[in-house]
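Hi everyone, thanks for coming along. I have one structure to walk you through today, so let's put it up on the screen.

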Amino acid sequence: SNPPRGAGIHLVLSKGDLEKRIRFAGPDVVSVVQEYLDRPVLLEGYKFDIRLYVLVLSLVPLRVFLCREGLVRVCSEKYEAPTVRNQLRVT
């Protein structure tokens, strides 16, 4: 069965909060970090995202590899700013 949407998603409000969560999770946990944009960039009125995959081998010295392939997704409905009426479907 599929887990519910949002399972495993955590909201962090600061760099310190993120660092704590990473330490708590341990070195073997795979994570995706995204920044929420309250005023998203739109493509002709539609939200979109671009996913780039990177492998961070070390922070000091910084060693990062970027995958040549990525992913672009475009929403099928025009963006509406969050309101009380639509807050359950805003992503």
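So, how much space lies in the largest pocket? About 2,800 Å³, and please keep in mind that this is a predicted model.

Let's look at what surrounds that space. The lining of the largest pocket is made up of 43 residues, and those nearest its centre are Ser 31, Val 32, Val 33, Gln 34 and Glu 35. Helix 1, residues 15-25, strand 2, residues 46-58, and strand 3, residues 63-74, are the elements that each give two or more residues to this lining. Strand 2 gives the most, with nine residues. If you sort the lining by class, you get 26 nonpolar residues, eight polar and nine charged.

Now for the sheet. Three strands form an open sheet, ordered 1-2-3, with antiparallel pairing. Strand 1, residues 42-43, and strand 3 are the edge strands, each pairing on one side only. Strand 1 and strand 2 are joined over two bridges, and Leu 43 stands opposite Tyr 46 of strand 2.

Last topic: salt bridges. How many does a search of the whole structure find? Just one, where the side chains of Arg 73 and Asp 49 meet at 2.7 Å, N to O. Arg 73 lies in strand 3 and Asp 49 in strand 2, so the pair ties together parts that are 24 residues apart in sequence.

Are these two buried or exposed? Arg 73 counts as partly exposed because its relative accessibility is 41%, and Asp 49, at 24%, also counts as partly exposed.

That's my tour, thank you for listening!

Notes. Residues numbered from 1 in each chain as written. Predicted model: local features only at pLDDT ≥ 70, side-chain atom pairs only at ≥ 80, totals over all residues. Heavy atoms only, no water. 1 Å grid on protein atoms, 1.4 Å probe; cavity = no way out; pocket = protein on both sides within 12 Å on 5 of 7 lines; lining within 4 Å. Points joined across faces, edges and corners; volume = space filled by probe spheres on them. Helix = DSSP H or I, 4+ residues; strand = E, 2+ residues; numbered from the N terminus. Nonpolar A, V, L, I, M, F, W, Y, C, P; charged D, E, K, R; others polar. Pairing = 2+ DSSP bridges. Salt bridge = Lys/Arg side-chain N within 4 Å of Asp/Glu carboxyl O. Buried < 20%, exposed > 50% of the residue type's maximum accessible area, 1.4 Å probe, protein only.
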